[in-house]
Amino acid sequence: MTSGISRRARVLSAAVGTGVLVPLVAAATPAAAAPPSVTCTSAKAGLAAKLKKDITAALATRKGTVAVGLYDRSTDTTCTLRASSAYDSASVVKVTVLATLLWDAKKSNRYLTDRENTLAKAMITKSDNAATSTLWKQLGMTKIKNFLKAAGMTQTTPGANGYWGLTQITVTDEQKLLKLLTAKNAVLSDNSRAYLVKLMGQVVSSQRWGTPYGVPSGVSVAVKNGWLQRSTNGWRVHSVGAFKGGGHDYVMTVLSHGNSTMNYGIATIQAVAKVIHRDLAAS
């Protein structure tokens with residue numbers, strides 16, 4: 001090599017081991033694919049366009065990867081973003097656990113035992129992990145998978161080796177579950193649906209953040225949240241909710257990961273929830 005070659009160039013050349021100098025100016029990289037956009041449809045004139053605009057704006061400055069689902073029966077409105085992207089469930093899977101327990105009890109034509117009721121209440125209202133692990137183990141993988149099949153939740157994969165919080169979930173499937181909880185169907189009995197929604201309406205105040213944020217007065221709230229920090233993708237912060245009143249009957253799912261802190265994820269979810277509640281109330 002000539003003496004005029006910089007030390008940095010020699011290092012780069014040595015690093016690639018070819019004896020050919022690597023250009024110091026990096027080659028242009030292909031443009032990144034555009035991020036997925038919010039998609040909305042509605043039977044109510046103008047509502048889909050407004051929701052799309054406002055949800056997009058709410059997420060415009062937020063870091064992390066966010067998935068959104070909205071369905072309002074009253075206006076036949078649907079919004080989605082990354083509907084089929086998989087996320088570690090964290091504690092939102094607890095709704096699926098209780099739904100599985102109730103579905104299985106119905107098949108056996110029995111009521112929940114006092115013990116099961118106690119565990120279910122702790123699992124949903126306080127997000128009790130020990131209660132969840134007990135019920136998860138009691139049910140077993142076969143029953144859980146059979147419920148998912150009955151519910152049409154084909155994009156959900158239960159966590160292995162007892163790690164229920166690593167169940168893979170999507171907006172599509174969480175919305176399917178919320179719809180089952182909030183309308184008559186052949187999978188869950190009316191009593192089972194009422195019981196689950198009642199417990200989701202009794203979640204302790206410190207865990208009522210997320211999708212209920214900005215809900216209008218007089219609208220009922222059923223919610224379950226999840227949060228989990230891992231070495232990759234930072235904090236997973238999720239919120240699923242069902243809302244009824246003010247002329248609307250809607251379910252909402254917001255899943256996220258890549259959050260720097262739990263509170264950052266909560267703020268992202270609440271930015272989305274606020275505009276959804278506002279736009280529906282105004283429609």
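By class, the residues lining the largest pocket of this predicted model split into 5 nonpolar, 5 polar and 2 charged. The space in that pocket comes to about 310 Å³. If you want to pick it out in the viewer, look for Leu102, Ala105, Lys106, Asn109, Arg110, Tyr111, Leu112, Asn117, Ser189, Asn191, Ser192 and Tyr195, which line it. Two helices, α3 (93–107) and α7 (190–200), each put at least two residues into this lining.

The second largest pocket has a volume of about 240 Å³. Its lining takes in 15 residues, and Pro35, Pro36, Leu59, Leu81 and Arg82 sit closest to its centre. Sorted by class, the lining of the second largest pocket holds 8 nonpolar, 4 polar and 3 charged residues. Helix α2 (47–59) and strand β2 (65–72) each bring at least two residues to the second largest pocket, with α2 giving the largest share, 3 residues.

Now for the charged pairs. The structure has 11 salt bridges, and here are some of them:

| Acidic partner | Basic partner | N to O distance |
|---|---|---|
| Asp279 | Lys50 | 4.0 Å |
| Asp88 | Arg230 | 3.0 Å |
| Asp279 | Arg278 | 3.6 Å |

Start with Asp279 and Lys50, whose side chains meet in a salt bridge. Asp279 is in helix α8 (residues 262–281) and Lys50 is in helix α2, so this pair ties together parts that lie 229 residues apart in sequence. Which of the burial classes does Asp279 fall into? Asp279 counts as buried, because its relative accessibility is 2% and the cut-off for buried is under 20%. Lys50, on the other hand, is partly exposed, at 41% relative accessible area.

Asp279 also bridges to Arg278, and Arg278 is partly exposed at 43% relative accessibility. Through shared partners, salt bridges join Lys50, Asp54, Arg278 and Asp279 into one network.

The pair of Asp88 and Arg230 also bridges side chain to side chain. What does that contact tie together? Asp88 belongs to strand β4 (residues 87–88), while Arg230 is in the loop between β6 (220–229) and β7 (235–245), so the pair links parts that are 142 residues apart in sequence. Asp88 is buried at 9% relative accessibility, whereas Arg230 is partly exposed, with a relative accessible area of 35%.

Key. Residues numbered from 1 in each chain as written. Predicted model: local features only at pLDDT ≥ 70, side-chain atom pairs only at ≥ 80, totals over all residues. Heavy atoms only, no water. 1 Å grid on protein atoms, 1.4 Å probe; cavity = no way out; pocket = protein on both sides within 12 Å on 5 of 7 lines; lining within 4 Å. Points joined across faces, edges and corners; volume = space filled by probe spheres on them. Helix = DSSP H or I, 4+ residues; strand = E, 2+ residues; numbered from the N terminus. Nonpolar A, V, L, I, M, F, W, Y, C, P; charged D, E, K, R; others polar. Buried < 20%, exposed > 50% of the residue type's maximum accessible area, 1.4 Å probe, protein only.
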